[in-house]
Amino acid sequence: SESDDGFCSAPSIVESDEKTKPIYWKATNPTLSPSHLQDLPGFTRSVYKRDHALITPESHVYSPLPDWTNTLGAYLITPATGSHFVMYLAKMKEMSSSSLPPQDIERLVFVVEGAVTLTNTSTSSKKLTVDSYAYLPPNFYHSLNCVESATLVVFERRYEHLGSHTTELIVGSTDKQPLLETPGEVFELRKLLPMSLAYDFNIHIMDFQPGEFLNVKEVHYNQHGLLLLEGQGIYRLGDNWYPVQAGDVIWMAPFVPQWYAALGKTRSRYLLYKDVNRNPL
Ligand SMILES: NC(=O)N[C@H](N)C(=O)O
Ligand SMILES: [Mn+2]
């Protein structure tokens, strides 16, 4: 919209229709950059560096997911970046279905939009709607089927055994997970997986009210894959400070200095992969 002094300004968020949209709507319908930039050839907020990457929606490249039916996938993080996991967005169209991950690979799927049905040999089919997720142990037969459409964020990695511990099928939803203690921090934290030693990663769901920020400017051995589900703010990665918004994906390599501050009028919520429970040696 043109303000009277001739400078373009970002279209204001029309609060009223915010309320009528389903949760996480903005993660799959990101507000484009200010109107005067969206048509600028070559403009992107995406960045790829040695220890971090910001991959914004205008950079996502989809192609058919091998062995899935009627599904497009955009791989955002893979071991080519130095990670030990993959993170991809799966756009399942009507009458679509998943394929199994490779042998010994565990999988977590989180529904960002739409609904899928999870079937496996041991339990009855389960319908996963937005904000629901499923953890599939390595070598666990399962199938995700979609009648209409769905967008999933998927994490997969080689399961790292620890003694005789084993993981099991987990199906849940964010809103049913309890808030956990966050000593010294103000964000609200939920974890989607058990914290028991069998699990070699967890998925954190972190909520910040506008103006809230991480207290610790973290540097740790763990690596992260992040999807900003709601809101906007500033992400510091190394010596760079990035304006981010719902729909953005971030790769954080081990030890990259990281920090977030939430801005705007609505809460920030991000989903974060973090490896845990395994000796880094
Ligand atoms: N960048 C982050 O939000 N990191 C998390 N607080 C974490 O590592 O637990
Ligand atoms: Mn961290």
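# A guided tour from D51 to the manganese site

Begin by selecting D51, whose side chain makes a polar contact with the side chain of H52 at 2.9 Å. The model on display is a predicted one. D51 is found in the loop that runs between β1 (47–48) and β2 (52–55). Is D51 buried or exposed? With a relative accessibility of 14%, D51 counts as buried, because the limit for that class is under 20%. Next, display the residues around it: leaving aside those up to four places away in sequence, D51 touches W251, M252, A253 and V256.

**The seven-stranded sheet**

Keep β1 and β2 selected and extend the selection to the sheet that contains them. This open sheet has 7 strands, in the order β1-β2-β17-β14-β19-β13-β12, with antiparallel pairing. At its edges are β1 and β12 (188–191), each of which pairs on one side only.

Move to the β12 edge. There, 4 bridges join β12 to strand β13 (residues 201–208), and the two run antiparallel. To locate this pairing in the viewer, select E188 and D207: E188 stands opposite D207 in β13.

From β19 (268–275), a member of this sheet, follow the chain into the segment after it, where N277 lies. What is unusual about the backbone of N277? Its phi is positive, about 65°, although N277 is not a glycine. Most residues other than glycine have a negative phi. N277 is partly exposed, with a relative accessible area of 25%.

**A second positive phi**

Select M95 next, which has its place in strand β5 (residues 85–97). M95 is likewise a residue other than glycine with a positive phi, here near 55°. Its relative accessibility of 57% makes M95 count as exposed, since that class begins over 50%.

**Strand β6 and its partners**

Now select residues 105–120, which make up strand β6. Which strands pair with β6, and where can each pairing be found? The following selections take the partners in turn.

- Strand β10 (residues 150–158): 9 bridges join β6 to β10, and the strands run antiparallel. Select I105 and R158 here, as I105 stands opposite R158 in β10.
- Strand β8 (residues 132–136): β6 and β8 pair in the antiparallel sense over 4 bridges. F110 stands opposite Y133 in β8.
- Strand β9 (residues 142–146): 4 bridges join β6 to β9, again in an antiparallel arrangement. The bridge partner of T117 is N145 in β9.
- Strand β7 (residues 126–129): β6 and β7 run antiparallel and are joined by 4 bridges. L118 has K126 in β7 as its bridge partner. β6 and β7 form a hairpin, with 5 residues between them.

**The three-stranded sheet**

Proceed to the open sheet of 3 strands in the order β16-β15-β18, where the pairing is antiparallel. Its edge strands are β16 (240–245) and β18 (258–263), each pairing on one side only. From one strand to the next, the twist averages 20°.

Within this sheet, select strand β15 (residues 232–237), which 6 bridges join to β16 in the antiparallel sense. Two pairs of residues serve as markers: Q232 stands opposite Q245 in β16, and I234 stands opposite P243 in β16. β15 and β16 belong to a hairpin with 2 residues between the strands, and in this hairpin G238 takes a positive phi near 60°.

**The manganese ion**

Finish by centring the view on the manganese ion (ligand 2). Which residues supply its protein donors? They are E218 (OE), H220 (NE2), H224 (NE2) and Q258 (OE1), at 2.1 to 2.2 Å from the ion. Along the chain, the donors follow the spacing E-x1-H-x3-H-x33-Q. One of them, H220, is buried, with a relative accessible area of 13%.

Why is the arrangement around the manganese ion described as octahedral? The 6 donor atoms subtend angles of 74 to 174°, and the arrangement is therefore octahedral. For six donors, that class requires opposite donors to be over 155 degrees apart and all others to lie between 65 and 115.

Technical notes: Residues are numbered from 1 along each chain as its sequence is written. Chains are lettered from A and ligands numbered from 1 in the order in which they are written. This is a predicted model: local features need pLDDT of at least 70, side-chain atom pairs count only at pLDDT 80 or more; totals for chains, interfaces and linings use all residues. Side-chain values use heavy atoms; hydrogens and water are left out. Donors are N, O and S atoms within 2.8 Å of the metal (3.2 Å for Na, K and Ca); water is not among the atoms, so sites may look incomplete. Four donors count as tetrahedral if all angles lie between 85 and 135 degrees; four count as square planar and six as octahedral if opposite donors are over 155 degrees apart and all others between 65 and 115; anything else is irregular. Buried means under 20% relative accessible area, exposed over 50%, partly exposed in between (1.4 Å probe, protein chains only). Two strands pair if DSSP finds at least two bridges between them. Axes are lines fitted to C-alpha atoms, for helices over the stretch in contact, and angles run from 0 to 180 degrees between N-to-C directions. A polar contact is a pair of N or O atoms within 3.5 Å; within protein, one must be able to donate a hydrogen and the other to accept it, and residues adjacent in sequence count only if both atoms are side-chain atoms. Contact means heavy atoms within 4.5 Å.
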